[in-house]
Amino acid sequence: MRRLTLIIKPVSSNCNLRCRYCYHSEQQRMSYPHMTNEVVRELIRQTSQITSKEIYFIWHGGEPLLAGKDFYQGVISAQSCYLTNRSYRNSIQTNGTLMTDNWAEFLLENKFKIGVSLDGPSEIHDYNRIFHSGLGSFSEVIKGLSILKDKNVETGVITVISKKSLGRGKEIFNFLVENGFKRINLSPFAERDNNGFVEGSLTPKEYADFMIEVFNYWIEKDDPEIKIQNLENFFQKLIGGKALFCHSTNRCSSYLSLDSNGDVYLCGRFLGLSDFKLGNILENTLLEIMKLSVYLNIAKQVSSFAVECKECKWKKICFGGCSYYRYMNGGTLDSPYYFCSSIKTILEHMAETIKRIDSSAINL
Amino acid sequence: MSTDDKSRKKGQKILQRMLDMKREMGNVKAGYSCHTESPYSDGYGDAGYGDYSDA
């Protein structure tokens, strides 16, 4: 394995926000205590046994800043102890509302990459990303981002696309760019519970329409400094380049997620789903877990195509799509990708546009 | 310049960056970004997608 990516939830699903589209239940949020120093030290010790060339630690949530600076000081200390001569990187994905000068300095000093979740202008952001009180978090996020900007920290942004975003692709694009964010991940929201699709979930057509609106505008603006992760991933694949993004690979097995109690799952999206629990690092090491049949079976399943994909001309581009959205769509990892029709529509449109710019650039 | 020519011209800078990026990646093995992570500025060719150094 070239790179092992660990998505770690130091406070499990605990969060100071109550976003409408959050896939963690209230019960999940209150289920586990914060990760102890013992668990995190053991985790880092175990990663030293894995022979991947790189290890990426993504501190995620819930809201990972709730773990406190002492926790991350322990992380830095354990990494210095166990990962000498190893290549590793820390990144943190925060909602930005708890950012202070002190936090920003700490994260900067320890070379953490910082990503913030921001859904666009206040009206869109505040509809979904709310505090317990029901009040929107936009102004607090902007304060947090100002602190990071003052410290010259370049911040990546994840923007969740929900029903509230529809028809407003240009507006969201302009808002992010005008506020200095030029590295953007547009993440579609769709989730199911026992009652069907959760409010705000996108249909595949809505997702395709939104992405095409943004793609057309991105091309029209033609600013090479603006980088939209999902679109660039497809763009690269359409011109014969390499995948940039996990959704366009079938290698989910190199992503593991850890809950605060040490439970290990495949990818953060599967966290809490018992079928995808691989073990616990206090009972088995990561190395042992990655040799267990439950892990090997899942790794095999995520790399297989749905029957519907076998004859598809785009299969070498999407590789069957995100395994979580396959599971969500049909209950198995070889189910068709929920956003399959969206991706086909987006790819057809992108390919035509690239051909118009330079017909020799397409390389499928 | 005709409307068709103007239309063709749009996107050329982005296409050029994409082609440069493809060439820079060359024969190295890719490391993929995780969907739960924001794109950062320290990646290969400043692309923000992590390090594509040779495996």
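## Close-up views of chain A

**The loop residue A:Lys111 is exposed.** A:Lys111 has 11 C-beta neighbours inside 10 Å and therefore counts as exposed, the limit for this class being 12 or fewer. The model shown here and in the views below is predicted. A:Lys111 belongs to the loop that connects α4 (101-109) with β4 (113-117) of chain A. Its phi is near 60°, which is a positive value in a residue other than glycine.

**A:Asp222 has a positive phi in the loop between α8 and β9 of chain A.** The phi angle of A:Asp222 is near 50°, and the residue is not a glycine. A:Asp222 counts as partly exposed because it has 16 C-beta neighbours inside 10 Å, a value between the limits of 12 or fewer for exposed and 20 or more for buried residues.

**A cis peptide bond links A:Gly61 to A:Gly62.** The omega angle of this bond is near 5°. A:Gly62 lies in the loop that leads from β2 (54-59) to α3 (69-82) of chain A.

**Helices α2 and α3 of chain A pack with their axes within 9 Å.** The axes of α2(A), residues 37-47, and α3(A) cross at roughly 30°. This angle makes α2(A) roughly parallel to α3(A), because angles under 35 degrees fall in that class. On the side of α2(A), the contact is formed by A:Asn37, A:Val40, A:Arg41, A:Ile44 and A:Arg45. On the side of α3(A), the participating residues are A:Gly74, A:Val75, A:Ala78, A:Gln79 and A:Tyr82. The crossing of the two helices is right-handed.

**The largest nonpolar core has 111 residues.** The residues with the most contacts inside this core are A:Leu6, A:Val214, A:Trp218 and A:Leu266. Helix α8 of chain A, residues 204-221, gives the most to the core, contributing eight residues. Leaving aside residues up to four places away in sequence, A:Val214 touches A:Gly169, A:Phe173, A:Leu186 and A:Ile228.

**An open sheet of 10 strands in chain A has mixed pairing.** The strand order is β9-β6-β5-β4-β3-β2-β1-β10-β11-β12. The edges are formed by β9 (227-228) and β12 (277-280) of chain A, each with a single partner strand, so one side of each is left without a neighbour in the sheet. At the β9(A) edge, two bridges connect this strand with β6(A), residues 183-188, and the two strands run parallel. Across this pairing, A:Ile184 faces A:Ile228 of β9(A). A:Ile228 is also one of the residues touched by A:Val214.

**Strand β11 of chain A pairs with β10(A) and with β12(A).** Three bridges join β10(A), residues 255-258, to β11(A), residues 263-266, and these strands run antiparallel. In this pairing, A:Ser257 stands opposite A:Tyr265. The hairpin of β10(A) and β11(A) has four residues between its strands, and A:Gly262 adopts a positive phi near 95° in it. Another three bridges join β11(A) to β12(A), again in an antiparallel arrangement. Here A:Asp263 is placed opposite A:Asn280 of β12(A). A:Asp263 and A:Tyr265 point one way from β11(A), whereas A:Val264 and A:Leu266 point the other way; all are buried. A:Leu266 is also among the residues with the most contacts inside the largest nonpolar core.

**A:Leu238 is buried in helix α9 of chain A.** The helix spans residues 229-238. A:Leu238 has 21 other C-beta atoms within 10 Å and is therefore buried, since 20 or more suffice for that class. With residues up to four places away in sequence set aside, A:Leu238 touches A:Leu347, A:Met350, A:Ala351, A:Ile354, A:Ile362 and A:Leu364. A:Leu238 and A:Leu186 are 52 residues apart in sequence, and their C-alpha atoms are 19 Å apart in space.

**Helix α13 of chain A packs against α11(A) through its buried residues.** In α13(A), which covers residues 323-330, the buried residues are A:Ser323, A:Tyr324, A:Tyr325, A:Arg326 and A:Tyr327. Their packing partner α11(A) comprises residues 293-302. After α13(A) comes A:Gly331, with a positive phi near 85°.

Notes:
Residues are numbered from 1 along each chain as its sequence is written. Chains are lettered from A and ligands numbered from 1 in the order in which they are written. This is a predicted model: local features need pLDDT of at least 70, side-chain atom pairs count only at pLDDT 80 or more; totals for chains, interfaces and linings use all residues. A nonpolar core is a set of buried Ala, Val, Leu, Ile, Met, Phe, Trp, Tyr and Cys residues joined through C-beta atoms within 7 Å. Two residues are in contact if their C-beta atoms, placed from the backbone, lie within 7 Å. Two strands pair if DSSP finds at least two bridges between them. Axes are lines fitted to C-alpha atoms, for helices over the stretch in contact, and angles run from 0 to 180 degrees between N-to-C directions. Angles under 35 degrees count as roughly parallel, over 145 as roughly antiparallel, 65 to 115 as roughly perpendicular and the rest as oblique. A crossing is left-handed if the near helix is turned anticlockwise from the far one by less than a right angle, and right-handed if clockwise.
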